[in-house]
Amino acid sequence: MRTWLRSCFAAVTVSATLVATGLPAAACGEDDKPAAPAARTAGDPGAIKNVKAVGNVPDAAGAISINFLDYGRRDVMVVSGEFGLKVYDLTKNPAAPKLVGQVSLPGLWETEDTEVDQDRKLVFLSRDPRAYGGTTATGESGIYIVDVSKPEAPSILSYVKVPAGHTTSCVDGCRHLWTGGPSKAADQPAEWGGRPIWVTDIRDPRHPKVNPQPIELARNDGKTDYVHDVQVDADGVAWVSGRGGVRGYWTNGVHRDPLTNKLRRATAHEPIPYAGGGIAETAAPSRFMHNSFHPAGHRVGDGAWRGQDLIYATEENFVDGCAGDGVLTISSLAGSYHGEGWRSTPEKPFRLASVGTWSVNGQEGSDPASDDCSAHYFDVRGRILVQSFYAQGTRFVDVSDPTNPRQIAYYRPTDASAWAPYWHGKYVYVADNTRGVDVLQLTK
């Protein structure tokens with residue numbers, strides 16, 4: 001039974017049970033999915049359409065995130081998860097990844113959206129305070145910097161404690177890391193709703209330097225709140241997702257600061273607001289935005305939205321049943337370029353205009369016996385967005401008309417626990433916490 005994991009009224013029971021079992025706790029739709037299987041009906045069939053499953057990597061069970069490194073003639077995949085880091089060679093047969101190296105860190109949590117430095121062949125593993133049996137209130141968080149210059153012999157180059165640790169992301173050309181989340185620690189300000197961002201200088205990766213002063217404060221209508229993740233677009237704008245919406249920042253170059261109307265140089269420590277703000281409650285009632293994508297340089301859209309500046313974001317939210325779980329949202333950035341999202345207050349809230357949404361609930365290929373339907377990570381190639389929906393598997397959605405996202409394919413194994421899909425070459429690689437890595441090919 002999973003219903004006790006999905007009800008805020010059972011929070012005390014959840015906490016006590018998870019402490020006893022050593023599993024990471026969820027925060028009632030505002031934090032991470034618990035490490036527990038979804039409720040299923042015996043014999044329930046899976047579902048597949050317009051997708052070919054070409055491979056599976058079962059020894060990556062516990063996988064949470066995937067990334068890729070290019071060594072010229074060699075193509076390498078790195079998989080992070082509850083085991084630490086595993087390195088696979090894709091060169092000879094990308095449908096059958098070959099394990100060549102690993103860093104064993106059993107009990108690591110959570111390493112979501114693990115990022116890499118292509119030039120220096122580094123991998124950044126984010127240690128959540130709940131790793132190794134810790135708790136959000138008192139656990140240690142930080143960053144492991146792993147040297148993968150030799151794929152057969154990956155090694156930890158350095159480790160640094162950071163006051164946040166749920167996700168860590170490269171900004172400013174990977175000269176700095178931005179680390180955020182999860183919920184606040186016991187020794188952090190009582191008025192915070194979650195952890196903001198701390199900046200780490202990694203120009204010398206053997207000696208990372210953490211700035212003690214956090215940034216991206218007051219993000220939720222003036223309240224400092226949970227920053228979940230950061231994605232950098234093709235123009236170098238860092239898009240910060242979390243409770244309160246999505247806001248974009250310049251981290252280098254000279255730009256006009258919309259809050260002061262003065263030109264200044266942006267840095268990772270003092271970024272300059274670009275655009276963004278809160279997502280409309282009609283699109284995402286929880287307003288907890290998990291991750292985002294800004295199609296800089298290759299915008300899509302039909303009709304009135306062709307060429308418009310749009311932001312794609314996922315709401316992660318777990319409530320009883322499936323209909324209220326988190327969705328994919330598409331919003332317009334129009335009207336947010338002058339700091340409106342930074343001036344928002346409860347009395348005068350600013351929200352981005354919603355263009356479209358998409359939910360797995362009731363869609364073809366969904367499992368009606370499962371109440372595990374929240375959106376999670378997604379990746380975009382051209383007009384096709386591929387997204388993980390935990391027990392509801394991997395979905396391929398045509399977003400060429402952002403007002404009407406349309407499912408074109410799906411892959412839902414009976415034991416799916418899909419966390420994150422990634423386009424790479426002609427395949428999509430899915431980090432599945434139960435199955436390891438699934439290798440998929442879209443056939444239509």
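Is Cys170 buried or exposed, and at what relative accessibility? Work through this and the exercises below on the predicted model.

**Exercise 1. Classify Cys170 and its partner.**

Step 1. Recall the cut-off: buried means under 20% relative accessible area.
Step 2. Cys170 has 10% relative accessibility, so Cys170 counts as buried.
Step 3. Find the partner. Cys170 forms a disulfide with Cys174, and the sulfur atoms are 2.0 Å apart.
Step 4. Check Cys174. Its relative accessible area is 8%, so Cys174 is buried.

**Exercise 2. Describe the link of Cys322 and Cys373.**

Step 1. Take the distance. The sulfur atoms of Cys322 and Cys373 are 1.8 Å apart, and the two residues form a disulfide.
Step 2. Place each residue. Cys322 sits in the loop between β22 (310–315) and β23 (328–332), and Cys373 in the loop between β24 (351–358) and β25 (378–381), so the pair ties together parts that are 51 residues apart in sequence.
Step 3. Read the angle about the S-S bond. It is -110°, and the link is left-handed.
Step 4. Add burial. Cys322 and Cys373 are both buried.

**Exercise 3. Write the pairing pattern.**

Step 1. Count the disulfides: the structure holds 2.
Step 2. Number the bonded cysteines of the chain in sequence order. The pairing is 1-2, 3-4.

**Exercise 4. Explore the largest nonpolar core.**

Step 1. Give its size: 19 residues.
Step 2. Name residues with the most contacts inside it, among them Ile66, Phe68 and Tyr429.
Step 3. List elements that give two or more residues to this core, including β3 (63–70), β4 (75–81) and β30 (427–432).
Step 4. Follow Ile66. Leaving aside neighbours within four places in sequence, its contacts include Met77, Val79, Tyr429 and Val437.

Key
Residues are numbered from 1 along each chain as its sequence is written. This is a predicted model: local features need pLDDT of at least 70, side-chain atom pairs count only at pLDDT 80 or more; totals for chains, interfaces and linings use all residues. Side-chain values use heavy atoms; hydrogens and water are left out. A disulfide is a pair of cysteine sulfur atoms within 2.5 Å. Buried means under 20% relative accessible area, exposed over 50%, partly exposed in between (1.4 Å probe, protein chains only). Helices (H or I, at least four residues) and strands (E, at least two) are DSSP runs, numbered from the N terminus. A nonpolar core is a set of buried Ala, Val, Leu, Ile, Met, Phe, Trp, Tyr and Cys residues joined through side-chain atoms within 4.5 Å. Contact means heavy atoms within 4.5 Å.
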